[in-house]
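Thank you all for coming this morning. I would like to walk you slowly through one model, so please have the sequence and the picture open as we go.

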Amino acid sequence: MSGVLEKTWSGLVHSVFRASSSSSSSSGSSGAVARQIVAGLPGLKNVSLGLIHFVEKLQAAQRISKQEEEHCVERESREWVKLLSCPGVGGAVVADVLCRALVVAARGYPLPTLHIHAIKLTQSTNILQKKIGYLFVSQSLGPGSELTLLLVNTIHRDLAAPNPLHVAAALASLPTVLTPDLTPSLILAITHCLAHHQVYIRRRAAAMVGVAAVRCGQELQETAGDQVPHLLHLLTDQDPAVALAAVSSLAKVYKKCGQKAALRDQLGRSASHLLVQALNGALPKDYQVNALPAPFVQIQMLRVLQQISSREWQVPEEVLEAVRQVLGQPWGGKEMALYAVLLECVFTVTALPHHDDLTISVLRVVLGFLKSSNVDLKYVGLKALASVFSVLEEALTPGHLEAVLDCLYHSDPNLQAKTLKLLCSMANTHNYQAVCTTLLEFSGRTKDEATQRVIVGELSSIVSQHCRDAAWCVGVVAPVILAHPSPDRRLVKALIQVMERGFQSDHSSRASMEASQELLLKVFSYDCLPEALVTLVSSVLNLHYARDPKQVSKYFTDTLLERLKDNSLRESDTAVFRCLKNMGLNDKSVCPEILCYLRRYAADGSHGAALLQKSSETCRWLTNPKLSQRIIQRQEDILNHRVPLDLTLSFLDGYVVESLEGGGAPYKPFSDTPGQTPQEGPDSHWGSGTTGATTSTGSEDARSSSSAGLTFTSHGSNILSNRGSSIMSSMVVPSRRVWSTTGRIRKGSEGEDLTRHYGDPTSPKEGLLTTLLRAGEDDDDDDVTEGSVEMADEAQEDKTPDARSQLTQALLAGLGMAKIK
């Protein structure tokens, strides 16, 4: 709306000052000149002289500088507020000030806070002032604004006014006022306007029903359903504009408010009837554009068909025949409106259920766009092809692909970029090889580095998503990687993913093995390997080790070790560290060389902590081969479910019992103790270290669990002497829905000694997590002291009045949640 205002006021200013420049030479008084201008231009008879002088002043300030224009606007805004604050200001003065404010808003400045004056102006009996008030409100307030509530009564009164101009002004302001809350109170007045004797009132009222449906949707399903008969009655209106507005509003009501399927068939027939009338020239000549019959009516009705269509719709024959007539219009000429109609028809056909004859016609239209000599029409063809490709992919002919390639090699760079984007979006599992080959060929022809980087990125995405042929990928992608001294890591990563998929597939594993060996031979033919190629070789060798360690060629491993001496490891080289570990565990002859290579990173303190940790960890794997083999075998057994898993961690129960007997207590944050800061107390030096261990040394599951956790610390001397080191175990309380009740510590009765239960060899193993879960369970009569709030909340979830064991009582006492007796 601001663009329309700007053009309107610009035209006003140009017309005024063009006339003033021709008349200023014959008149010496500026007021007389302005009066002559107003009298000579019929469209400006209601424009005040103050507005004309203000526009002239604003243009003079603009010619000086932008800053001067801003200062002029600020000064005028302050004068407007001061003027309207005076008592007894007339409506004409308010209207003039609001017009000036709208001129300022058309130039990009914010509207001043004159909303109340505009709302008051809408109550004026002068139609011009009323329109200005409604216009200012529509430009300054948005839907749902609280100030629009002040307009409801005024709009009600104007919609029922005998003057059609008042009714039209009120209808024009409805998009600003309509909200789900206010629409039920206004919909009845809008319904009365549907039967108004003036044509433009009926047309605007029909359009407002569609606006209400879009704005409110399902919340007004019943209310909108009541308007359907009135809108259907307007389909037979003598004026075609009213019928067009009714059809569009009915489509919106059907789409947003979920009407019955019978309405869709009636809408489709009505839209196709109007569409045929537009094609045959039966509508008034005002709808024509040059010699083209009503192109905008055709577009409007085609969009209605798009809104109501779906895949399960049994399309009436009248609709199909109307669409065929639109597609059968003669091609050619310079009338762009015809091509706009054809493009909209392409979108409509893709929205309708599949029909062979319509598909053939659409493909012919798309091909005509692509082969056009006009660049703009080629753009249209690419857009049309992108919209129909997902629906009509199997129906595309080689001619369409050749036309796309012609667009790719066009001299227009924007057309090339759009064609590249379309090609990448067209890639799938069946045609990715042709698309990738085309992209590589175009990349070799272009000299723009930015375009080449984009092509490499798209190529990487296509290969990683769709490629399943490792041999083809090595033959096509590997030369691109090896051709650059610093290969693109995205392309290397995509090649690794293709190799992994090939090794995991049973029917293509042998072909992938041969392709990977060919790739390694190509890579090792170069004397110096960049970091990306080192990662590629290491990843491929890891796949070989995972498939059959005995079949890994020693030439490859020795060559990699030799090339690694010229490269420096980084903490992100996970594949390299894994490859070194596999090489050392499977070939003892290279193990000393690998250890010597890694110890320089482990011994050098200048490297990062992550690199130091990975190097030290790999060295430990290689210095203890028997233990490493046992760990690897254990990992394989766990992954293959060959050994049972103790999810309750019952092996920790003995440590916890010993710790409690030795005087240890469950960890409780010092901040929970009243009157004591985290730094106070005898164990204050454990505060930060224990919490840090909870996050840094815990398992992955523990780090991703809830933050409400229990950390157990043991300071007993007997534990330290027996274990040789301090024991710090971090456990996070899990949800009851995750852990089963199998193998947990059972609840004993009051006074029962559970130590004897742990010594019983016949009793099943029970885990510590059961104790932690039951530590949070309490009866309804329990009182909660100043302990853990999270555990107190959890304690109220279980209402079973079972007696607790001594171990449970000890845990609760350590948490400050024991029953107060």
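Let us begin with the interior of this predicted model, where the largest nonpolar core has 197 residues, and where those with the most contacts inside that core are Ile155, Met301, Leu385, Val463, Leu519, Leu569 and Leu580. As background for the newer people here, nonpolar side chains in soluble globular proteins tend to be buried together.

Take Met301 from that list, and leave out any residue up to four places away in sequence: Met301 then touches Leu244, Val247, Ser248, Ala271, Leu274 and Leu275.

Now please find Ser249, which has its place in helix H13, residues 240-257. Is Ser249 buried or exposed? Its relative accessibility is 2%, and because buried means under 20%, Ser249 counts as buried. Once neighbours within four places in sequence are set aside, the residues in contact with Ser249 are Ala206, Ala207, Gly210 and Leu231.

Next, two pairs of helices. Ile155, which I named as part of the core, also appears where helix H8 meets helix H10, since Val152, Ile155, His156 and Leu159 in H8 meet Ser185, Leu186, Ala189 and Cys193 in H10. The axes of H8, residues 152-159, and H10, residues 183-193, come within 10 Å and cross at roughly 20°, and because angles under 35 degrees count as roughly parallel, H8 is roughly parallel to H10. The crossing of H8 past H10 is left-handed.

In the second pair, the axes of helix H27, residues 531-547, and helix H28, residues 554-564, come within 11 Å and cross at roughly 150°, so these two helices are roughly antiparallel to each other. H27 also passes H28 in a left-handed crossing, and the residues that meet there are Val534, Val537, Ser538, Leu541 and Tyr545 in H27 with Phe556, Thr557, Leu560 and Leu564 in H28.

Finally, let us turn to a loop. Arg311 is found between helix H15, residues 295-308, and helix H16, residues 317-327, and Arg311 is partly exposed, with a relative accessible area of 47%. Which residues does Arg311 touch, not counting those up to four places away in sequence? They are Thr350, Ala351, Leu352, Pro353, His354 and Val391. Arg311 and Leu352 are 41 residues apart in sequence, while their C-alpha atoms are 6.5 Å apart in space. A polar atom of the Arg311 side chain lies 2.6 Å from the backbone oxygen of Thr350, and the backbone oxygen of Leu352 likewise lies 2.6 Å from a polar atom of that side chain.

How values were computed: Residues numbered from 1 in each chain as written. Predicted model: local features only at pLDDT ≥ 70, side-chain atom pairs only at ≥ 80, totals over all residues. Heavy atoms only, no water. Helix = DSSP H or I, 4+ residues; strand = E, 2+ residues; numbered from the N terminus. Buried < 20%, exposed > 50% of the residue type's maximum accessible area, 1.4 Å probe, protein only. Contact = heavy atoms within 4.5 Å. Polar contact = N/O pair within 3.5 Å; in protein donor to acceptor, adjacent residues only side chain to side chain. Core = buried A, V, L, I, M, F, W, Y, C linked by side-chain atoms within 4.5 Å. Axes fitted to C-alpha atoms, helices over the stretch in contact; angles between N-to-C directions. Parallel < 35°, antiparallel > 145°, perpendicular 65-115°, else oblique. Left-handed = near helix turned anticlockwise from the far one by under 90°.
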